[in-house]
2 protein chains.
Amino acid sequence: MQSVTILGNNSAIPAFGRNPTAQWLQTQEECFLIDCGEGTQLQISKYKLKHSKLTHIFISHLHGDHYFGLIGLLTSMSLLNRAKDLHLHGPAALKEIIQLQLDVAQTKLNYTLHFHPLEKEGTIANTKKIEVSCFKVKHSIDCWGFLFKEKKNNRSILPEKVKSYEIPVTFYEQLQQGEDFVTSKGTIVSNEELTTLASPPKSYAYCADTIYDESLVETIKGVDLLYHEATYLKDLHEKAADRFHSTSIQAASMAKLAKVNQLIIGHFSSKYESIDPFLDEAKEIFENTLLAIEGVCYKF
Amino acid sequence: MQSVTILGNNSAIPAFGRNPTAQWLQTQEECFLIDCGEGTQLQISKYKLKHSKLTHIFISHLHGDHYFGLIGLLTSMSLLNRAKDLHLHGPAALKEIIQLQLDVAQTKLNYTLHFHPLEKEGTIANTKKIEVSCFKVKHSIDCWGFLFKEKKNNRSILPEKVKSYEIPVTFYEQLQQGEDFVTSKGTIVSNEELTTLASPPKSYAYCADTIYDESLVETIKGVDLLYHEATYLKDLHEKAADRFHSTSIQAASMAKLAKVNQLIIGHFSSKYESIDPFLDEAKEIFENTLLAIEGVCYKF
């Protein structure tokens, strides 16, 4: 994984220039979109991301601020002659919503859209380098979080060394996986001499919209980056619970309990013009917290 | 009628800062929205219009660039505690699309939404001062144009005159409708002495997405302002016909044939970065042409 770019950080309705939820996850090999509020296709274009590179879209739940921009994005990609398959993961009813809107417009997408309904917890996508799993979160309607885990990275080849031992290119993959090299004369060259240690695999957890729920700790434990919603400031914890949302403090408490490396908070209520107090409150509990700011690319 | 404000002037996909179709019609007594592409709620907010003042929304057809912003606007108005009834006119399937999206979110709108399916040509709304009718246009799917006609305006009372004759307020409505006043002594004061001629009633025709179709001339004849789509420049007239759209020249020819006062052209294809050539071409045929420019309020 390389980075997550925030395309929308607001809840419910757009306000104060903040858009509804969408995030762009950049991995070494492909791009994922997580949630897709109204206007996401414009945000993608504004921040010079390429929707042609998307391979998977993950929709956490069917509140409009998390998916009303999806149908526009899907049809625009078709109008722009996308050919590559696209995988869409979301609650089962999403398929009907999309199909109905395509049918009334007599539209057939140019590309193949594979719909994968979210039905049970566990692995939902398995690419060469990333495993994505979904987990249930507690919200007012059926809602899912997503956990993105890099697979174990290969060791990195030292170009000078492989050159000096005249190791054939065909053996590189075995080298990356840790094998020693045996020369034609039977001499063993140890892998440690030819490669360096792989960087540790990274992980990102997206907790969608959720009430404060410590039962999530086990699932998100130790991730490199945790996104947790913080719809309200701490004084409104009762309102947050009533609406199955969390506060700044609660998001930070989850990060602390789960011993994550870094926390991003977002999904701010439209009642707040300034979001700075969210950071102040969260940092009281968990220092390594960032605000989800639109257009910012968070590397991890 | 007072003015129409363009909220979106592009076709199919957003491009070059241009948004999909939406128009805001301001009348003396209320506000109407015509079509509602993705992002319309943001455009309404950007141009400081008040969606709380909307009484009717008219959706011409179910291509996404004309309605993908509707569900977001409807739900945002509810989140913002709209109480006033809203009338929505559109193709019958629109009701199912909206209801499905409200159902999956377990959302009930705060206000009453009256859905009026467009089924046959004729009057669809009749307010105190405006009559709205719909008419079929020829597009690749079921598509409707809208004609907004002010009712005959009342005569304007001359304040100094009614004061000098001591005419009771209760008689003002009759005065506005042209009646003479009879004093308690039986003297007749002619209406012409007490009022001035009403301004002539205005009319606006919105032709939605349509192939060039002279059979529309009778319907839109003599309107004060005609909106006609011009998706392509004149050299692409074959492409326009293939896709059931019109060119700059064709829009202008309709304005000329229908002897309208003024023409606005819009729904520009995303292939054009500059839209100035549309104006040059249209003016060759019909001088009193304007480009639909986002955020501009066209008074008429």
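Helices here are DSSP runs of H or I of at least four residues, strands are runs of E of at least two, and both are numbered from the N terminus. Just after helix α9(B), B:K259 takes a positive phi of about 50°. The structure is a predicted model, in which local features need pLDDT of at least 70, side-chain atom pairs count only at pLDDT 80 or more, and totals for chains, interfaces and linings use all residues. Residues are numbered from 1 along each chain as its sequence is written, while chains are lettered from A and ligands numbered from 1 in the order in which they are written.

**Chain A overall**

- Chain A has 10 helices and 18 strands.
- Its C-alpha atoms fill a box of roughly 75 × 55 × 35 Å along the principal axes.
- Of the 300 residues of chain A, 44% count as buried; a residue is buried if 20 or more other C-beta atoms, placed from the backbone, lie within 10 Å of its own, exposed if 12 or fewer, and partly exposed in between.
- Among contacts in chain A between residues at least 6 apart in sequence, 65% join residues at least 24 apart; a contact means that the C-beta atoms of two residues, placed from the backbone, lie within 7 Å.
- Domain 1 of chain A covers 3-152 + 200-299 and domain 2 covers 156-196, with bounds from an automatic or database domain assignment.
- The C-alpha centres of these two domains of chain A lie 42 Å apart.

**Contact between the chains**

- Chain B and chain A each give 28 residues to the contact.
- On the side of chain B that touches chain A, the elements giving two or more residues are α1 (40-46), α2 (70-79) and α3 (93-104) of chain B.
- Of these, α3(B) gives the most, with 6 residues.
- The residues on this side of chain B divide into 15 nonpolar, 11 polar and 2 charged; Ala, Val, Leu, Ile, Met, Phe, Trp, Tyr, Cys and Pro count as nonpolar, Asp, Glu, Lys and Arg as charged, and the others, Gly among them, as polar.
- The copies meet through the same surface, because 100% of the interface residues of chain B are also interface residues in chain A.

**Symmetry**

- A turn of 180° and a shift of 0.0 Å along the axis lay chain B on chain A with an RMSD of 0.1 Å, by least squares on the C-alpha atoms of residues with pLDDT of at least 70 in both.
- The two copies are thus related as by a two-fold rotation axis.
- In chain B, the C-alpha nearest the axis belongs to B:G39, 2.9 Å from it.

**Helix α9 of chain B**

- Helix α9(B) spans residues 248-257 and is mostly covered, with 7 of its 10 residues buried.
- Among the buried residues of α9(B) are B:I249, B:M254 and B:A255.
- The buried residues of α9(B) pack against elements of chain B including α7 (217-220), β15 (225-229) and α10 (276-285).
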